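Reader: I am new to this structure and would love a friendly, close look at one part of it. Could you take me to the inside of the fold and then show me what lies around it?

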Amino acid sequence: MELRSGSVGSQAVARRMDGDSRDGGGGKDATGSEDYENLPTSASVSTHMTAGAMAGILEHSVMYPVDSVKTRMQSLSPDPKARYTSIYGALKKIMRTEGFWRPLRGVNVMIMGAGPAHAMYFACYENMKRTLNDVFHHQGNSHLANGIAGSMATLLHDAVMNPAEVVKQRLQMYNSQHRSAISCTRTVWRTEGLGAFYRSYTTQLTMNIPFQSIHFITYEFLQEQVNPHRTYNPQSHIISGGLAGALAAAATTPLDVCKTLLNTQENVALSLANISGRLSGMANAFRTVYQLNGLAGYFKGIQARVIYQMPSTAISWSVYEFFKYFLTKRQLENRAPY
């Protein structure tokens, strides 16, 4: 479906920003122009990539301090000075004892990874969703298509993000030997090799594929309930994104705990488990977590993970939908005849 040019198409998009849905949804409004949901599907790949990059950068930078707390709370054998009972208490203690900026250490490498990773992630999702919906549901909305599209987008996303995750989690740990992302990267490369940056990749995929499937299916389902006409509605994007992220985060916490252990190679935990050398493989990580903390170990940091993911996905979707709308609107205005 092609974007319409001219003032009529531009006015239709502007009307959508104001939440006008008097046409009752469907393919076109009273003027004959496509509605908000249909407009972005024919936007260029660069539009999806730009909107996705902005969403990823803002999501990870705004919520990074909470992510730092989550990483520490998932430690299987934390130092007595790094035991926390709440997110607020943890942030307060970290800033008081380790410096005001300590919760932000590693945010630069996360931003560098989040931009390109989310650009490919959303571009792949949008294109695969549209293609698979045509196959499964004849241009309708298929939850199966949304789940598969989210899973395929995750393969690209994690290939870029996994090295960034390894570096930032090592920087986030209490009493980390690394003081900067560059020094951490050099040390890991020199002492553990390239494979260290992808040691948790299969675990990351094992976690993120179900996470993103649940996330996208829930988001699209909630959009059908709270925003059936798919107008530009920031409140609906925030609510749907937040709830989708919280549900997906809670369901995949055990996998996140294992991923954190593989990324950080926590020395005390490995010593207690009588593991020499480096821990590798999802199965080994699962066994180690159970050996050290039992079933409860799989849910370490679940509160922090949910509290982190809920606003993160709300920010991501609201920023993404805004930039997708804004860039599409500019496309229409640029095509308008003078």
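Author: What follows starts with the chain as a whole, goes on to its largest cavity, and then visits some helices and single residues.

Please keep in mind that this is a predicted model. The chain holds 13 helices and zero strands, so reading from the N terminus you meet α elements from beginning to end, in the order α-α-α-α-α-α-α-α-α-α-α-α-α. Of the 338 residues in the chain, 52% are buried. Take the contacts between residues at least 6 apart in sequence: 76% of them join residues at least 24 apart.

Now to the inside. The structure has two cavities of 30 Å³ or more, and the largest cavity has a volume of about 360 Å³. Its lining is made up of 25 residues. If you want to find the middle, look for Glu-59, His-60, His-157, Gln-212 and Gln-309, the lining residues that lie nearest the centre of the largest cavity. Several helices give two or more residues to this lining: H2 (45-62), H3, H5 (107-137), H6, H8 (201-226), H10 (253-264) and H13 (302-335). The largest share comes from H8, with six residues. Sorted by class, the lining of the largest cavity has seven nonpolar, ten polar and eight charged residues.

Two of those lining helices, H3 and H6, also meet one another. The axes of H3 (residues 64-73) and H6 (residues 143-172) come within 9 Å and cross at roughly 75°. Angles of 65 to 115 degrees count as roughly perpendicular, and therefore H3 and H6 are described as roughly perpendicular to each other. On the H3 side, the contact is made by Tyr-64, Asp-67, Ser-68, Lys-70, Thr-71 and Arg-72. On the H6 side, Lys-168, Gln-169 and Gln-172 take part. The residues of this contact divide into one nonpolar, four polar and four charged.

H10, another helix of the cavity lining, packs against H12. The axes of H10 and H12 (residues 282-293) are 9 Å apart, and the angle is about 100°. This pair, too, is therefore roughly perpendicular. From H10, the contact takes in Leu-255, Val-257, Cys-258, Leu-261 and Leu-262. From H12 come Met-282, Ala-285, Phe-286, Thr-288 and Val-289. Here the residues divide into nine nonpolar, one polar and no charged.

While you are at H12, have a look at Leu-292, which is found in this helix. Leu-292 counts as partly exposed because its relative accessibility is 22%, and the buried class ends under 20%. Leaving aside residues up to four places away in sequence, Leu-292 touches Leu-76, Ala-269, Leu-272 and Ala-273. Leu-270 is 22 residues from Leu-292 along the chain, and their C-alpha atoms are separated by 9.4 Å.

Let us go back to H5, which is also part of the cavity lining. Glu-126 has its place in this helix. With a relative accessibility of 3%, Glu-126 counts as buried. Not counting residues up to four places away in sequence, Glu-126 touches His-48, Tyr-320 and Lys-324.

A further buried residue waits in H9 (residues 234-251), where His-237 has its place. His-237 counts as buried because its relative accessibility is 1%. From C-alpha to C-alpha, His-237 and Glu-220 are 9.9 Å apart in space, while 17 residues separate them in sequence.

Finally, two loop residues are worth a visit for their backbone angles. Most residues other than glycine have a negative phi. Asn-175 is not a glycine, although its phi is positive, at about 55°. Asn-175 sits in the loop between H6 and H7 (181-192), and at 62% relative accessibility Asn-175 counts as exposed. Arg-230 is not a glycine either, and Arg-230 has a positive phi of about 55°. You will find Arg-230 in the loop between H8 and H9. With a relative accessible area of 11%, Arg-230 is buried, whereas Asn-175 is exposed.

How values were computed:
Residues numbered from 1 in each chain as written. Predicted model: local features only at pLDDT ≥ 70, side-chain atom pairs only at ≥ 80, totals over all residues. Heavy atoms only, no water. Helix = DSSP H or I, 4+ residues; strand = E, 2+ residues; numbered from the N terminus. Buried < 20%, exposed > 50% of the residue type's maximum accessible area, 1.4 Å probe, protein only. Axes fitted to C-alpha atoms, helices over the stretch in contact; angles between N-to-C directions. Parallel < 35°, antiparallel > 145°, perpendicular 65-115°, else oblique. Contact = heavy atoms within 4.5 Å. Nonpolar A, V, L, I, M, F, W, Y, C, P; charged D, E, K, R; others polar. 1 Å grid on protein atoms, 1.4 Å probe; cavity = no way out; pocket = protein on both sides within 12 Å on 5 of 7 lines; lining within 4 Å. Points joined across faces, edges and corners; volume = space filled by probe spheres on them.
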